[in-house]
Amino acid sequence: MECVKSKPWLDKDLKGIPLNDMIFMLKQEGLSIIDSIKVVRDVYGLSLGQSKIVVTSHPCWVEFVQASEPLHDELEKLAEDINARGLK
């Protein structure tokens with residue numbers, strides 16, 4: 001998988017781009033949601049949690065996030081079961 005830092009457009013000064021435009025641009029450039037979160041965190045100085053909320057709630061990612069919810073829910077249940085059994 002290609003590293004986010006190797007994208008040539010990332011070398012540009014991105015600080016003047018409005019956040020919503022940036023998220024849309026990152027998706028259009030083909031970045032994954034995880035890489036988009038990393039770029040938003042780096043460029044805007046947000047925490048990882050704030051970056052995740054901003055990116056995952058952006059309209060261009062809503063369909064992806066909704067499609068991922070069943071898997072996320074199953075992983076949470078599995079983690080709860082493991083913790084309840086005392087397995088780590």
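**Note on helix H2, its packing and the salt bridges**

1. In this predicted model, helix H2 is followed by Gly-45, a residue with a positive phi, near 70°.

2. The length of H2 may be checked against its residue count. The helix comprises twelve residues, 33–44, and at 1.5 Å a residue it should span 16 Å. The C-alpha atoms at its ends are 16 Å apart, so the model agrees with the expected span.

3. Several residues of H2 are buried: Ile-33, Asp-35, Ser-36, Ile-37, Val-39, Val-40 and Val-43. These buried residues pack against three helices, namely H1 (19–28), H3 (48–56) and H4 (62–85).

4. The pairing of H1 with H2 deserves separate description. Two packed helices are described by the angle between their axes and the distance between the axes. Here the axes of H1 and H2 come within 10 Å and cross at roughly 145°. The crossing in which H1 passes H2 is right-handed. From H1, the contact is made by Leu-19, Met-22, Ile-23 and Leu-26; from H2, Ser-36, Val-39, Val-40, Val-43 and Tyr-44 take part. Sorted by class, this contact of H1 with H2 has eight nonpolar residues, one polar residue and no charged residues. Among the H2 residues in the contact, Ser-36, Val-39, Val-40 and Val-43 also appear in the list of buried residues.

5. How many salt bridges does the count come to? The total is two, with a side-chain nitrogen of Lys or Arg required to lie within 4 Å of a carboxyl oxygen of Asp or Glu. As background, side chains of opposite charge can pair when their charged atoms come close.

6. One salt bridge joins Arg-41 and Asp-42, whose closest N and O atoms are 3.6 Å apart. Arg-41 is partly exposed, its relative accessible area being 31%. Asp-42 is likewise partly exposed, with a value of 40%.

7. Another salt bridge joins Glu-74 and Lys-77, and the closest N and O atoms of this pair are 3.8 Å apart. Both residues belong to helix H4; because they are three residues apart, about one helical turn separates them. An α-helix has 3.6 residues a turn, so residues three or four places apart point the same way. Glu-74 counts as partly exposed at 49% relative accessibility; this value is not over 50%, the limit for an exposed residue. Lys-77 is partly exposed too, with a relative accessible area of 47%.

Key
Residues are numbered from 1 along each chain as its sequence is written. This is a predicted model: local features need pLDDT of at least 70, side-chain atom pairs count only at pLDDT 80 or more; totals for chains, interfaces and linings use all residues. Side-chain values use heavy atoms; hydrogens and water are left out. Helices (H or I, at least four residues) and strands (E, at least two) are DSSP runs, numbered from the N terminus. The expected span of a helix is 1.5 Å times one less than its number of residues. Buried means under 20% relative accessible area, exposed over 50%, partly exposed in between (1.4 Å probe, protein chains only). Contact means heavy atoms within 4.5 Å. Axes are lines fitted to C-alpha atoms, for helices over the stretch in contact, and angles run from 0 to 180 degrees between N-to-C directions. A crossing is left-handed if the near helix is turned anticlockwise from the far one by less than a right angle, and right-handed if clockwise. Ala, Val, Leu, Ile, Met, Phe, Trp, Tyr, Cys and Pro count as nonpolar, Asp, Glu, Lys and Arg as charged, and the others, Gly among them, as polar.
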